[in-house]
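Work through the exercises below with the structure open. Each task is followed by a solution in steps.

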Amino acid sequence: MTLLRLEDVGKSYGGVAALRGLSFAVGPGEIVGLMGANGAGKTTAFSLIAGTQRPSEGRIWFDGKRIDGKPAYAVARLGIARTFQIVRPFAGLTVIDNLVIAALYGRLRERSRGAAEARAREILAEVGLAADATRPAETLTLAGRKRLEVARAVAAGPRLLLLDEVLAGLTASEVAEALDMIRALHRRRRLTLVVIEHVMRALTQLCQRIIVLHHGAKIAEGSPAEVVVDQRVIDAYLGTRKL
Amino acid sequence: MTRQGWQTGLVLVAATALAAALPLALGTYSLGVALDLMMWIALAESWAMFSGLSGYVSLGHAVFYGVGAYVTVLLWQVLPLWFSVPLGGLTAAALALLLGWPCLRVRGPYFVILTLGISEFIKYAVISTEAALGRNGRLLIGTPSLTVLFEAMLALAVLSMAVLQIVRSARLGAGLLAIREDEVAAEAVGINATAVKLSAFAMSAFIPGMVGGLMILRSTYFEPMQAFSPTTSFTIVTVAILGGSDTVAGPLLGSLFLVLLSELLWTRAPEVYMIILGVLLVAFVLFVPEGLVGRAGRFLRAPKPGPSSRDHRAVVIEP
Amino acid sequence: MEEVADVSLILSPQLLAAALVLAAFYALIAIGLNLVYGAMRLLNVAHGELVMLGGYIAYWGFARWGISPLISAVFAVAAGALLGVLLYATIIRRLFRSTRMLARVEANSLLVFFGVSVVIQNVMAVAFTADQRGFSYMDGVLTIGSVRIEENRLLALAIATVACVACALFFRYARSGMAMRAIIQQREAAALVGIDVDRINIQVFALGFGLAALAGTLVSMTAQISPFMGFPFTVSAFVIIILGGLGNLLGSILGALMLAAVEVYGAALISPSFRSILVYGVFIAALLLRPQGLLGRSIAAR
Ligand SMILES: Nc1ncnc2c1ncn2[C@@H]1O[C@H](COP(=O)(O)OP(=O)(O)OP(=O)(O)O)[C@@H](O)[C@H]1O
Ligand SMILES: [Mg+2]
């Protein structure tokens with residue numbers, strides 16, 4: 001049983017390959033980690049899955065349907081939501097409106113504003129932003145914005161949630177809180193997660209399986225215990241090791 | 001609906017009824033001024049419905065006004081007015097769809113200047129067509145009375161306000177605001193930006209098309225240079241930004257101010273009137289982008305000196 | 001009365017001369033706009049108003065005091081340059097210092113400049129009335145081969161050509177000319193290699209505005225002027241930049257030739273009223289098909 005499957009997916013920017021022959025599958029309910037040095041192609045993989053960009057080659061299936069080449073909004077409506085590494089809140093709108101919009105348009109397509117608002121409040125409570133609901137999003141701190149990024153993605157009602165470095169730049173205690181929040185969301189909302197993170201410790205705590213990218217190609221895949229002892233991973237990380 | 005909603009609704013109905021009775025109380029001149037007021041309200045509210053909410057600032061709405069006028073003139077004494085004027089609106093909406101398809105892919109200042117350029121292009125195309133047909137302006141004889149035109153324009157003004165209010169609270173409005181803030185993020189949560197922008201653009205052209213039809217019946221003389229004048233676009237934008245372009249009250253207030261100003265100056269010193277409009281546009285874009293209504297709202301809402309760096313209700317076009 | 005479109009028209013040296021004169025004016029205006037837009041990334045829709053102001057300086061000098069437009073041209077360039085420096089020193093520099101203001105201005109630059117242009121036009125209309133004005137200066141007709149051309153046109157063509165060549169040399173060989181090109185290509189990188197961006201920006205405004213004012217005096221020698229004459233020039237200049245490429249001086253000159261040819265031949269072959277349709281048609285097509293010409297980076301929403 002797979003929810004998401006990539007087959008030989010590649011992307012090049014004007015001749016430079018950001019991603020090559022990437023294949024992997026994710027089953028429903030799994031939490032899969034995506035790891036790799038700067039520029040390894042992690043964010044690119046998300047953009048291709050979410051339809052923000054078109055793959056140069058390869059095929060992507062979601063829930064049995066081909067989704068490569070579909071526009072981002074169509075993919076979102078099928079049930080894939082992503083966060084952006086460099087957060088992109090609807091800065092001028094209130095925090096709750098950020099979520100209401102996602103609820104109105106995402107997979108659930110809430111029928112009324114009232115229903116969308118109810119859903120938005122529920123999610124805000126889960127991510128700990130309830131007190132900030134009516135503030136303009138641009139007034140949040142970085143940690144707050146990262147939470148908002150996750151909350152908005154969840155509000156779209158996804159089955160598969162792609163989290164791009166939502167822990168980066170947070171303090172140790174903020175990381176711990178955020179991990180709890182992600183686990184809670186996963187459990188309660190029956191989400192499938194693919195998580196990009198540099199912080200190895202966080203990934204090993206969170207994921208059952210980790211995929212390692214290097215220079216746009218997959219070099220390892222397995223349980224956290226297997227991956228940390230993999231020779232290719234160690235070699236690839238020697239320079240940038242922050243395990 | 002909330003209690004306050006009901007109260008506002010009642011006040012609006014009462015105000016509309018009062019306005020509808022104006023022809024009984026006003027002389028020809030004053031009624032003409034009232035007609036102008038209704039015209040600007042209808043135009044600016046329609047503009048705000050698209051440009052205010054989406055941040056795609058159209059400086060070409062004169063083309064919809066002009067096309068509506070042209071259709072009405074072409075069908076004068078061919079089809080009844082209750083048919084030809086709405087047909088003018090529909091033509092304007094269709095034109096918006098056609099133009100929006102390529103144009104709405106371009107953002108920021110480029111969209112602004114593109115709409116202006118297209119509006120001018122179509123103006124000259126109509127001028128050429130009329131010249132080729134050997135028509136030097138067209139005179140309409142036997143147009144409806146001022147009272148009839150006023151009531152029709154009042155209906156359009158009220159309609160335009162209702163449309164803006166409904167869109168603001170509907171899914172479409174949420175989508176437009178999201179697009180204004182960040183189009184890529186908007187698509188990522190399921191918004192089909194192209195469809196949302198196109199449908200809103202077409203909707204915002206519909207009423208201006210009908211306004212053009214009515215105004216040409218009022219002036220009884222069609223001349224493309226006048227009907228498609230870019231001054232109309234410029235004034236619409238100024239009026240909407242002056243009042244505040246993403247509330248219903250904003251364009252209303254802006255229109256009131258404009259009509260007052262034009263009463264004082266237009267006949268006596270049209271250039272001074274244009275200078276004042278230009279200065280106001282520059283000043284408001286730079287210093288009060290949230291408009292009068294937005295500014296007033298901020299004062300009423302007990303100004304919170306928070307870390308808010310941007311006036312989050314302003315028309316901000318991302319470059 | 002309608003002239004039958006004639007194939008021999010295309011070969012007529014008369015039209016070629018007309019196209020050359022127009023192209024020379026356009027090139028001056030477009031180079032100025034290219035500089036200012038390239039350096040600041042601000043779409044100055046009020047650029048054509050500088051042409052108009054230059055025209056009025058020549059007209060005023062000639063009608064009031066009988067000053068030759070050739071002398072006025074010098075004043076006009078100085079006045080345009082001064083205006084550019086003042087504008088930069090009082091407003092633009094401050095805008096670029098505050099990131100918050102800058103974001104707002106860049107985003108809404110078009111509305112701001114459009115407002116400014118409306119103000120300038122109408123201030124001039126108050127001062128000089130909205131009437132078309134003109135003066136006769138060197139309006140004898142020369143016959144060169146089969147071409148009949150007014151002396152003032154020939155003179156304007158010569159001056160504009162010299163100015164264009166001077167600009168080309170300046171950009172090629174002068175230190176600040178090269179610095180200007182560097183800034184247009186890459187503002188940050190230019191600052192990094194030690195170019196005093198602020199000082200060059202002042203020069204850009206002075207030169208760009210001065211060239212537009214010069215073009216205005218030349219236009220006024222050959223045609224009627226009015227407070228509202230500027231906007232079509234702005235549009236033409238934008239078309240030319242898009243066609244010729246941002247920061248590309250030679251491109252601007254080629255673009256000017258192309259647009260002038262399209263206009264002059266189009267008007268002659270089809271009808272004079274077709275001229276505006278052609279210009280705006282090229283304008284729209286260029287914006288839609290080659291937006292990168294105005295940019296260097298993509299401006300499409302996605
Ligand atoms: N729009 C683009 N145009 C050109 N090259 C790009 C583009 N986006 C990404 N790249 C290149 O593709 C490669 C992969 O980038 P990507 O953002 O996917 O890396 P990443 O693994 O997410 O890195 P990081 O950990 O820094 O976020 C990089 O070399 C990057 O420079
Ligand atoms: Mg990344």
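**Exercise 1. Find the salt bridge between chain B and chain A, and place it in its interface.**

Step 1. Keep in mind that the model is predicted. Look for a side-chain nitrogen of Lys or Arg within 4 Å of a carboxyl oxygen of Asp or Glu. The side chains of A:Arg88 and B:Asp182 form such a salt bridge, at 2.7 Å from N to O.

Step 2. Count the salt bridges. Between chain B and chain A there is 1 salt bridge.

Step 3. Add the polar contacts. Chain B and chain A have 11 residue pairs in polar contact, with both residues at pLDDT 80 or more.

Step 4. Assign the chain B side to helices. H7 (146–169), H8 (171–181) and H9 (183–188) of chain B each bring at least two residues to the side that touches chain A. H8(B) gives the most, with 8 residues.

Step 5. Sort that side by class. It holds 13 nonpolar, 7 polar and 7 charged residues.

Step 6. Give the extent. The contact draws 27 residues from chain B and 27 residues from chain A. The two chains bury about 2300 Å² between them, and 61% of this lies on carbon and sulfur atoms.

**Exercise 2. Describe the interface of chain C and chain B in the terms used above.**

Step 1. Start with the extent. The contact involves 41 residues from chain C and 43 residues from chain B. About 3800 Å² is buried between them, with carbon and sulfur atoms giving 78%.

Step 2. Check the charged pairs. The rule finds 0 salt bridges across this interface. Polar contact is limited to 1 residue pair, both at pLDDT 80 or more.

Step 3. Assign the chain C side. Helices H5 (99–128), H10 (230–244) and H12 (274–289) of chain C each supply at least two residues to the side that touches chain B. H5(C) provides the largest share, 20 residues.

Step 4. Sort by class. The side of chain C that touches chain B has 30 nonpolar, 7 polar and 4 charged residues.

**Exercise 3. Test chain A against the rule for a compact globule.**

Step 1. List the elements. Chain A has 9 helices and 10 strands.

Step 2. Apply the rule. For 243 residues, a compact globule would have a radius of gyration near 18 Å; chain A has 17 Å, so the two agree.

Step 3. Add the box. Along the principal axes, the C-alpha atoms of chain A fill roughly 50 × 40 × 35 Å.

Step 4. Look inside. Of the 243 residues in chain A, 59% are buried. Among contacts with a separation of 6 or more, 65% link residues 24 or more positions apart.

Notes: Residues are numbered from 1 along each chain as its sequence is written. Chains are lettered from A and ligands numbered from 1 in the order in which they are written. This is a predicted model: local features need pLDDT of at least 70, side-chain atom pairs count only at pLDDT 80 or more; totals for chains, interfaces and linings use all residues. Side-chain values use heavy atoms; hydrogens and water are left out. Contact means heavy atoms within 4.5 Å. Buried area is the accessible area (1.4 Å probe) that two parts lose on being put together, summed over both. A polar contact is a pair of N or O atoms within 3.5 Å; within protein, one must be able to donate a hydrogen and the other to accept it, and residues adjacent in sequence count only if both atoms are side-chain atoms. Helices (H or I, at least four residues) and strands (E, at least two) are DSSP runs, numbered from the N terminus. Ala, Val, Leu, Ile, Met, Phe, Trp, Tyr, Cys and Pro count as nonpolar, Asp, Glu, Lys and Arg as charged, and the others, Gly among them, as polar. The radius of gyration is taken over C-alpha atoms; the globule rule is 2.2 Å times the number of residues to the power 0.38. Buried means under 20% relative accessible area, exposed over 50%, partly exposed in between (1.4 Å probe, protein chains only).
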